[in-house]
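Please open the model in a viewer with side chains available for display. The tour proceeds by selection, from aromatic contacts to charged pairs.

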Amino acid sequence: MNILLWHVHGSWTTSFVQGKHRYLVPVNPARDEWGRGRARTFDWPDTVEELPLDEIRDVDVAIAQRPGELDLIPPHVPVIYVEHNTPKGDVPDTRHPLADRDDLVIAHVTDFNDLFWDCGGTRTTVIEHGVVEPAARWTGSLSRLAVVTNEPVRRGRVTGTDLFPRFASVAPLDVFGMGVSGLAGVTAFEDPPQHVMHAEVARRRAYLHLCRWTSLGLSLIEAMQMGMPVLALATTEAIAAVPPDAGILSTRVDTLVEAARRLIDEPGEAAHLGARARQVALARYGIDRFLADWDRLLEEETCASR
């Protein structure tokens, strides 16, 4: 199939474009949010082609990820809208911007999102994340803690930025991602290439997932697949992704701080948790299952439109 999609979420798209199709990604001279083209810090296959939007032809199906993309999709092309985010506003009564439509299907990335968004009569489905297994393997050789997040300065409490100092008091805290420059009391690594980030994160003793209100972060799954012990707030989909024997989850921050201290002091326990985390994440969030789920949905939608 020829699939039109915009480069919006680099990590998710990296998994999506591993399939057997041809992926057409709009590009413009500014390489702005409407025309980023191919990724520069992720590894994408040659089946991903960047083209100006007005030169993209013969589209079989479009993947939309923002409401503003819908008017840019050629007419009569079936549309699947991927909802990456938890609702904002009057939760849990937030109406999805595409509620009560009969011309598309909304594919949520977590069951939590499907539960909390009010999509009205619009058809919905859930395709859980799948990630390309990182090449890096956890060593935990550095008695430091790692966080991967985007725009923690701007997003603040949403990403748990206010909690960083509590963990930095236990061990040095290293924060990787976009928009991390300017954080105080931590070491920031601004937007490194994905493979470099994986190698560095894998050297830290434990991974912290401190988002209060978010869809499930792919970086959490990647850390688990590397065999890394994880500590996470027991919010949104994290409680489904991290079973009790594969990490430490709590809504009590002191519990997580105490656990971080224990993992820093006891590498053996960290290794035990990380081994189970890897087993769980490979089984549930493998790339083959993800691509198979997407192929089924793509075939259903294109066949229904004929």
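The stops below treat ring pairs, a surface patch and salt bridges in turn.

**Aromatic pairs**

The model is a predicted one, and its count of aromatic pairs comes to 9. Select W12 and W294 to begin: their rings meet edge-to-face, with 5.9 Å from centre to centre and 75° between the planes. W12 belongs to helix α1 (residues 10-16) and W294 to helix α10 (residues 287-304), so that this pair links distant parts of the chain, 282 residues apart. Both W12 and W294 are buried.

Next, select F112 and F116. This pair is stacked, at 4.3 Å centre to centre and 15° between the planes. The two residues are 4 apart in helix α2 (residues 111-116), which means that about one helical turn separates F112 from F116. F112 has a relative accessible area of 14% and is buried, because the buried class covers values under 20%.

Return to the first pair and extend the selection to F16, Y23 and F290; together with W12 and W294 they form one aromatic cluster.

**Around W34**

Move to W34, in the loop between β2 (22-26) and β3 (48-51). What lies over the face of W34? Display R66, which is placed there at 3.9 Å from the ring centre. W34 itself is partly exposed, with a relative accessible area of 33%. Add L53 and L72 to the selection: with W34 they make up a nonpolar surface patch of about 230 Å² of accessible area together.

**Salt bridges**

The structure holds 26 salt bridges. Select E133 and R278, which form one of them, with the closest N and O atoms 3.0 Å apart. E133 is in the loop between β7 (123-126) and β8 (142-148) and R278 is in helix α9 (residues 267-284), so the pair ties together parts 145 residues apart in sequence. Both ends are partly exposed: E133 has a relative accessible area of 35%, and R278 one of 23%.

Then select R157 and D162, a salt bridge whose closest N and O atoms are 3.8 Å apart. R157 is exposed, at 54% relative accessible area, whereas D162 counts as partly exposed at 37%.

For the last stop, select R204 and E200. Their side chains meet in a salt bridge of 2.9 Å, N to O. R204 is buried, with a relative accessible area of 4%, while E200 counts as partly exposed at 23%. Which residues are joined with R204 and E200 into one network? Add R144, D174 and R203, which salt bridges with shared partners join to them.

Technical notes: Residues are numbered from 1 along each chain as its sequence is written. This is a predicted model: local features need pLDDT of at least 70, side-chain atom pairs count only at pLDDT 80 or more; totals for chains, interfaces and linings use all residues. Side-chain values use heavy atoms; hydrogens and water are left out. Rings of Phe, Tyr and Trp (its six-membered ring) pair if their centres lie within 6.5 Å; planes under 30 degrees apart count as stacked, over 60 as edge-to-face and the rest as tilted. Buried means under 20% relative accessible area, exposed over 50%, partly exposed in between (1.4 Å probe, protein chains only). A charge sits over a ring if NZ of Lys or CZ of Arg is within 6 Å of the ring centre and within 35 degrees of the ring normal. Patches are made of residues with over 30% relative accessible area and no salt bridge: like charges are joined within 9 Å, nonpolar side chains (Val, Leu, Ile, Met, Phe, Trp, Tyr) within 5 Å. Accessible areas come from the Shrake-Rupley method with a 1.4 Å probe; for residues, only the protein chains shown count as cover. A salt bridge is a side-chain nitrogen of Lys or Arg within 4 Å of a carboxyl oxygen of Asp or Glu.
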